[in-house]
Amino acid sequence: MRVWVWAAATVALLLVATLLWRGSDAAATTSTTAAPADVPSGTPAGAVSEAWAAEGTLLPGTVVGQGRVLVGSTHGVQARDPLTGDEVWRYTRSNARMCGLTATDGVAVAVFATEDRCDEAVALDAGTGVRVWTRSLNLAGDAVLDSTSAIVLASNPTGVMTLDPTGNNVRWRYPAPETCRLLGADAGTTGVVVLERCGDATDVTVRLLDGFAGSENWSRSLPVGEGEPVQLLGADVVVTVRVGDEVQTLTGPDGTELSRMPLPEGTTDVQQVTAGTVSLVRTDAVVTALDTSSGAPLWDAPAVGLPVTAAGPKDAARPAPILLPDEDGFSSRDPLTGTELGRYAVEGPPSGGAASAVGPVVVLRLDDRVLAYS
């Protein structure tokens, strides 16, 4: 009888353990890893074609990191080989919704919601998929992720919060002032910029916060007409904002007005990115390069997208070329002069993408997918 009792108790314990395992986070998590990537060498061919594509519901602003292409979905993130498009590692959770994904400093940071709030964060080595850290958070369900070197930014209309991407500590929070809502937030080399509107006012306030301390460096009020579009475009070196029918550029150190660029009538699509000391503003099918010190226009060229954000050059006199999508493919250009240095022809890349080259492959990040050309 004693043996039967012990046997029954053991079976019961195994059954309970199995049921607990099946309902646990560990059972719902699929995690694979890979060896570090060898970044491919070479350059794209003079004529390229689509080599592979990957759909993604959540994509980091910069999809290429540590020799991998990062693609996010409803339940997690996967990394692909840039040459073949084959999956090399993944991290997914079937019992949670991924709120956002961003990549910086060699790690991919993903935030998951287990119920109605985004409450769990994980950092994965972008090259290998190895977990770097995890932590609990308390973010609203509509949180959006962004990042720059050493800063991960989570934002929604009620405020922002910053994380250390290579550690797991929350640095600071900024709640929107009473009666105010954030229209946008961006992390860049200037710090963290928020664009806010308060009460029934049509005017907006641009506010620059120190990226590491959260203290306010400056704020500036911008008049906005009733019903006019307003959009925070960028926060690298200079702060760029669309207000109505013009793009305004503000200096990073103190927010003084640097330039105003009128938009062509009927402009619907505006993008901005900084490449070294040049601000690139795309309006529909034309990109205009502005000097970030003086605001003066330097050159313009046809474009249906922009290059991926580029860090400042080690030698300002010899900046790295940029990759610009246009209706005939991709052109490699000198960011200071706009001189075309090379061309990788393909018919009609989709509009609105951000292009970068990984060895012989051109990677184009769109809002809902990644395309690779070789």
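**A walk through the strands and the core**

Both faces of strand S23 are covered: Val270, Gln272 and Thr274 are buried on one side, and Gln271, Val273 and Ala275 are buried on the other. Keep in mind as you look around that this is a predicted model. S23 spans residues 270–275, and six of its six residues are buried.

Now follow the chain onward. S23 pairs with strand S24, residues 278–283, in the antiparallel sense, and six bridges link the two. Ala275 of S23 has Val278 of S24 standing opposite. The two strands make a hairpin with two residues between them, and in that turn Gly276 has a positive phi of about 65°.

Strands of a sheet pair through backbone hydrogen bonds, and they may do so in parallel or antiparallel fashion. For another pairing, turn to an open sheet of five strands, which has the order S2-S33-S32-S31-S27 and mixed pairing. Its edges are strand S2 (50–55) and strand S27 (306–307), each of which pairs on one side only. S27 runs parallel to strand S31 (residues 354–358), joined to it by two bridges. Here Pro307 stands opposite Ala355 in S31.

Let us finish in the largest nonpolar core, which has 17 residues; Val111, Cys118, Leu137 and Leu139 touch the most other members. At least two residues of this core come from each of the strands S8 (107–113), S9 (118–125), S10 (131–139), S12 (151–156) and S13 (159–163). S8 gives the largest share, four residues. Try centring your view on Leu137: leaving aside residues up to four places away in sequence, Leu137 touches Val111, Cys118, Asp119, Glu120, Ala121, Met161, Leu163 and Val170.

Note on methods:
Residues numbered from 1 in each chain as written. Predicted model: local features only at pLDDT ≥ 70, side-chain atom pairs only at ≥ 80, totals over all residues. Heavy atoms only, no water. Core = buried A, V, L, I, M, F, W, Y, C linked by side-chain atoms within 4.5 Å. Buried < 20%, exposed > 50% of the residue type's maximum accessible area, 1.4 Å probe, protein only. Contact = heavy atoms within 4.5 Å. Pairing = 2+ DSSP bridges.
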